[in-house]
Amino acid sequence: MVPTLSARGLVKRYGRVTAIDGADFEVRPGEVLAVVGDNGAGKSSLIKALSGALIPDAGEIRVDGEVVHFRGPLDARRYGIETVYQDLALAPAQDIASNMFLAREKRHPGLLGKLFRKVDQGWMRAEAQRVLDELGIAVKSIAQPVETLSGGQRQGVAVARAAAFGTKAVIMDEPTAALGVAESGKVLALIDRIRQRGLPVVLISHNMPHVFEIADRIHVHRLGRRVGVVTPREHSMSQVVGLITGALVLREDGDLEEVSSAVRTGLGE
Ligand SMILES: Nc1ncnc2c1ncn2[C@@H]1O[C@H](COP(=O)(O)OP(=O)(O)OP(=O)(O)O)[C@@H](O)[C@H]1O
């Protein structure tokens, strides 16, 4: 199966700090891939490279198996890769529909649109409502300003926008970090619905219960690179934590090994 989005040997240095140190990555069609790792492990940098927000010093990125060179976030978007950052990038004073189509407004058909660049608000509102309904996001009115929404609803609007325009993958950076239990549950349900529509989701998260609830596979990132990919079916949370901290390593045969014994057998060198 050709991965939808993949990377090999990515490197990014900031002066003397190596944020990405030869990282590999792969998300497959129709899956939710969680990316986990300690603070500073380089998860955000990796995701920025995959979404065009950062240009790697070395390595290659592929979409559907073809090498791509993103010069900026717009390039990644053109390939159908949408990213939801923690700040959500919403315009608070504008309504939900306007936010869904932010910087991608639909112009009025005919002269009004061509000459006066008038936006087709009726169409955008109907389309925004359709997407929210499809994803099960409830709001009072599509015409209400985003600043009147709860944190979970705002997250919902940002994710719905990504799902509406993404054709290859939706990347989410800690979507439940600022949310309560009920709202987090809704975001997880939303991720599940996006997966059901066949769109792969890359989920960066520190929240192990959420990761184990929703992910098909878990990419573990440590010291700037991928140290293993495991599944919630075959591995426990404490094993994943062991990989994150470096107490465990994933051997080539797929078995986990404690680092002290790995060092003894020469694997840790
Ligand atoms: N613009 C930058 N300039 C200098 N150093 C940076 C920059 N961005 C990231 N770094 C460094 O690169 C390393 C990886 O950072 P990154 O934010 O990618 O990690 P992370 O795994 O996302 O961490 P967290 O979970 O805390 O967000 C860190 O040491 C960080 O200080």
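Reader: How many residues of each class, nonpolar, polar and charged, does the shell around the ligand have?

Author: The shell has four nonpolar, six polar and one charged residues. Ala, Val, Leu, Ile, Met, Phe, Trp, Tyr, Cys and Pro count as nonpolar, Asp, Glu, Lys and Arg as charged, and the others, Gly among them, as polar. This is a predicted model, where local features need pLDDT of at least 70, side-chain atom pairs count only at pLDDT 80 or more, and totals for chains, interfaces and linings use all residues. Numbering starts from 1 along each chain as its sequence is written.

Reader: What makes a residue part of the surroundings of the ligand, and which residues are around the ligand?

Author: The C-beta atom, placed from the backbone, must lie within 6 Å of the molecule. The residues around the ligand are Y14, V17, A19, G37, N39, G40, A41, G42, K43, S44 and S45. Strand 2 (17-27) and helix 1 (43-50) each give two or more. Helices (H or I, at least four residues) and strands (E, at least two) are DSSP runs, numbered from the N terminus.

Reader: Why is A247 called partly exposed?

Author: A247 has 14 other C-beta atoms within 10 Å. Buried requires 20 or more within that distance, exposed 12 or fewer, and partly exposed is in between, with C-beta atoms placed from the backbone. A247 is therefore partly exposed.

Reader: Where is A247 found?

Author: A247 is in the loop between helix 9 (237-245) and strand 11 (248-250).

Reader: What share of the protein counts as buried?

Author: Of the 269 residues, 38% count as buried.
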